[in-house]
Amino acid sequence: MTLLDIFDPKAAPKPIGIDLGTTHSLVAYVEDDRPYAISDCDSVTLLPSVVAYGPNGSVTVGTLAKAQAAEHPRETIVSVKRFMGRGADDPETARLGPYAFVPAKPGEANVVRFDVAGRVVTPVEVSAEILKTLKRLAEDELRAVGGAVITVPAYFDDAQRQATKDAGRLAGLEVLRLLNEPTAAALAYGLDKKQNGTFAVYDLGGGTFDITILLLDDGVFQVKSTGGDSALGGDDMDRAIAEVIFTRLGWGAKEKEDPRVVRLVLDRARAIKHGLTESPTVEAEIVPGKSVTLTRAELDGLIAPLLDRTGVACRRALKDAELTAAGLDGVILVGGSTRVLAVRAYVKALFGKEPLADIDPDQVVALGAALQANLLAGEARDDILLLDVTPLSLGIEVGGGVVDKILPRNTTTPTGARATYTTQEDQQTGFEIHVVQGERELAADCRSLARFTLKGIPPMPAGMAKLEVTFRVDADGLLTVHAREETTGLEQTVSVKPSYGLDDEAVERMLLDALDHGESDLRARRLAENRVEAGRIIQATEKAVLADPELLAEGDREGIRAAIQALHAASQGEDPARIHLLIEELDASSKGFATRRMNRAIARAIEGRKVDDVAGGLAAEGH
Amino acid sequence: MDPFATLGLERTYRLDLRAAEKTHRELSRTLHPDRYVGSGASERREALEKAVLVNEAWRIVRDPIRRAEALFTLAGIQVGDTHEPKPATSLLMDMMEQRETLGEARGKRDGKAVEKLVLEMSARKTAIEGELAAAFDVARGDQGKLTLLVAKLGELRYYRRFLEEASAILDDLGTPS
């Protein structure tokens, strides 16, 4: 890569948006303010989220992989998203499916492991294969890809989000942001229709369900509440139909243990579901000579319990937003499963209005993600802002296994909370903290996020040490924890051991394994990433200096200019560490200036004055 | 931390929440991490810290209980479980009765009865919020008068806890509310 590639705006790496779906995935980008889905050489935009592992170590993704599912059901991973961030002992692994799982060895991270053609792979690695394929598709179209927004179900918990981010990293993507799928869809709709009001986004995908209530107000997309079920979707409809097929054919435990039969029946079930959108009755041949007929009314009966589960979440989300269905200006349908007629009818009855589906429900999330990526790393527009929330309450286990909630669900991110602890025994030097996510009262009924031990507390009598633990949920919905011992001011090292998921080391190891030439490839990747970052920070700094020259202090201009030149020079070199160092130096030399800009912007926001162009122009002229 | 100052608001219980929400939104426009993706690490960190503070301030200010707590704390009056006066016996008896009725409704899976209780309790909650607002207006920084108000805060807490429980029960019953 030459330097020209980086700084020539025409060849500038383009940010992309990725919808990493249960059934399908796709990638989109923005050109002239409009989002476009990228298609493969066959003009197909939807990449089946299927990964097949061959006996010789080969990996196939997409349509070709899907074609192998019938022959090699065990080696072909379908709907991997359902396993993201889940433990090997999760009930999800016990449901009807053709896979072979490998139990975690002692000391290994508690994650799902598939046994495929003599290899063991985790859902993070499987998802990374899908992301790599999408990245290649995007590179064919755009030459260079610079940063990605990857969408996740709004109801994904911390472990599922972290797993998604890890998959992005493993695929060699710079993950700019994890964006909630319903929010992405709302962004695509809102920017398209330029509408204000309160909307519900009903997102029923292949494996996940989200309901999000949000307010669109002059470019601000403010999520009021969100709810859902991260294990509820079209797959469950397929399974319900599959059970009917098994029963009608008189098949039992023996057939259900045969992965080929299970795969076949699940595929037929899905075909029946699709067929029933067009015709009131579908007859499907399962195996030669054996057919099953299903009516639309029967399908409706099968999925009614699933829809009722979505209804409960919808009502709770409305209540959390302090709204009634009548108070909504519209309902947006997202996700392939909303094509099922019974789903549409249910949503219409639930909200009392005809839902909107005029943007392709399979594409809308990726299109929204591309818009967000473009806002983050492309042409920044300060008239648009997404304000999202935490989907689940965050708590700490206290005495008796009870949860002390420190952050309620539907808190606007980024957010934080503090909790103070004290030692219970004399000379106690360590302290264990268990962080959970969920709404239930007992920690055992919530999702365990992490356990960590605070170490190195100076020996003191019981009750003397005061530990302040700070929890932070960032704009990706990801949790970080810091701790400080108050009496000594000692910062504590917190080693968070995720309850479900891979620690940093494991991801780093996978990253090295995945690259053909390990260390040297990794260095090349870092170099490319650092160059992109350098370009971005130089651009941002230059823009700031141009915009607010009056806030430059004595010597700032010279200092910043020198730092930019040094960083520019380093970007032409081959040393990623040096680029990183000079990025930090530019950051340091512009720190005071940046703080003054931020403070002025805060003062203006509080005064309710928008920075209007006339005033800004006059100020600039005065200097 | 003074959440009122963070949002540039007057330190009062009675607030124009709509105006405060607007300020919160304008501050978010300025400080949200999405605005700093291209910035250096220290600038990103600084903006993040401030964005967290602004969101926390808004969470406190918009919530009647947290807002009252903040006003007491800023006036030098400690609040929280161990610092507040014991609730009146009449309130405790009353709440116990209400709880029993709620428990019975839950046992019978009677969503309508739960909803009726929710309506009654919401009305009481609104009333006490009004009383609190009026009393804060009168007290105006007078620590002695403010201290007398803490009991009302306790009452409000009881009502809210009840409403949260009832809401969870309604969720369980899957009843529309």
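## Exercises on a predicted two-chain model

In chain B, helix α6 (residues 111-139) packs against helix α7 (residues 143-173) at an angle of about 160°, and their axes are 9 Å apart. The model is predicted, and the exercises below work through its helix pairs, its sheets and the contact between its chains.

**Exercise 1. Classify the packing of α6(B) with α7(B) by direction and by handedness, and describe the residues of the contact.**

Solution.
1. Start from the angle of about 160° between the two helices.
2. Angles over 145 degrees count as roughly antiparallel, and α6(B) and α7(B) are therefore roughly antiparallel to each other.
3. The handedness is a separate property: α6(B) and α7(B) cross in a left-handed sense.
4. The contact of α6(B) with α7(B) is made of 20 nonpolar, two polar and eight charged residues.

**Exercise 2. Treat the pair α5(B) and α6(B) in the same steps, and state which residues meet.**

Solution.
1. Helix α5 (residues 89-107) of chain B packs with α6(B) at an angle of about 155°, the axes being 8 Å apart.
2. With the cut-off of 145 degrees for roughly antiparallel, α5(B) and α6(B) are therefore placed in that class.
3. Their crossing is left-handed.
4. From α5(B), the residues B:Gln98, B:Thr101, B:Leu102, B:Ala105 and B:Arg106 meet B:Ala113, B:Val114 and B:Leu117 of α6(B).
5. By class, the residues of this contact are five nonpolar, two polar and one charged.

**Exercise 3. Into which domains is chain B divided, and what distance separates their centres?**

Solution.
1. Domain 1 of chain B covers 3-62 and domain 2 covers 89-173.
2. Taken over C-alpha atoms, the centres of domain 1 and domain 2 of chain B are separated by 30 Å.

**Exercise 4. Work out the layout of the open three-stranded sheet of chain A, and name the helix that packs on it.**

Solution.
1. The strand order is β6-β5-β7 (chain A), and the pairing is antiparallel.
2. β6 (59-61) and β7 (76-78) of chain A are at the edges with a single partner strand each, so one side of each has no neighbour in the sheet.
3. On average, neighbouring strands of this sheet are turned by 20° against each other, direction ignored.
4. Strand β5 (residues 50-53) of chain A is joined to β6(A) by three bridges, and A:Ala52 lies opposite A:Thr60 in β6(A).
5. Helix α3 (residues 123-142) of chain A packs on the sheet and touches β5, β6 and β7 of chain A. The direction of α3(A) makes about 65° with that of β6(A).

**Exercise 5. Do the same for the open sheet of five strands in chain A.**

Solution.
1. The order is β17-β12-β13-β14-β18 (chain A), with mixed pairing.
2. β17 (330-334) and β18 of chain A are the edge strands, each pairing on one side only.
3. Neighbouring strands are turned by 25° against each other on average, direction ignored.
4. Strand β12 (residues 197-204) of chain A runs parallel to β17(A), and five bridges join the two. A:Phe199 stands opposite A:Gly330 in β17(A).

**Exercise 6. How many residues does each chain bring to the contact, and which element of chain A gives the most?**

Solution.
1. Chain A contributes 41 residues and chain B 32 residues.
2. Elements of chain A that each supply at least two residues to the side touching chain B include α9 (296-320), β21 (415-422) and α13 (518-547). Also among them is β18 (385-387), an edge strand of the five-stranded sheet.
3. α16(A) gives the most to this side, with eight residues.
4. The side of chain A that touches chain B divides into 22 nonpolar, eight polar and eleven charged residues.

How values were computed: Residues numbered from 1 in each chain as written. Chains lettered and ligands numbered in written order. Predicted model: local features only at pLDDT ≥ 70, side-chain atom pairs only at ≥ 80, totals over all residues. Contact = placed C-beta atoms within 7 Å. Helix = DSSP H or I, 4+ residues; strand = E, 2+ residues; numbered from the N terminus. Nonpolar A, V, L, I, M, F, W, Y, C, P; charged D, E, K, R; others polar. Pairing = 2+ DSSP bridges. Axes fitted to C-alpha atoms, helices over the stretch in contact; angles between N-to-C directions. Domains from an automatic or database assignment. Parallel < 35°, antiparallel > 145°, perpendicular 65-115°, else oblique. Left-handed = near helix turned anticlockwise from the far one by under 90°.
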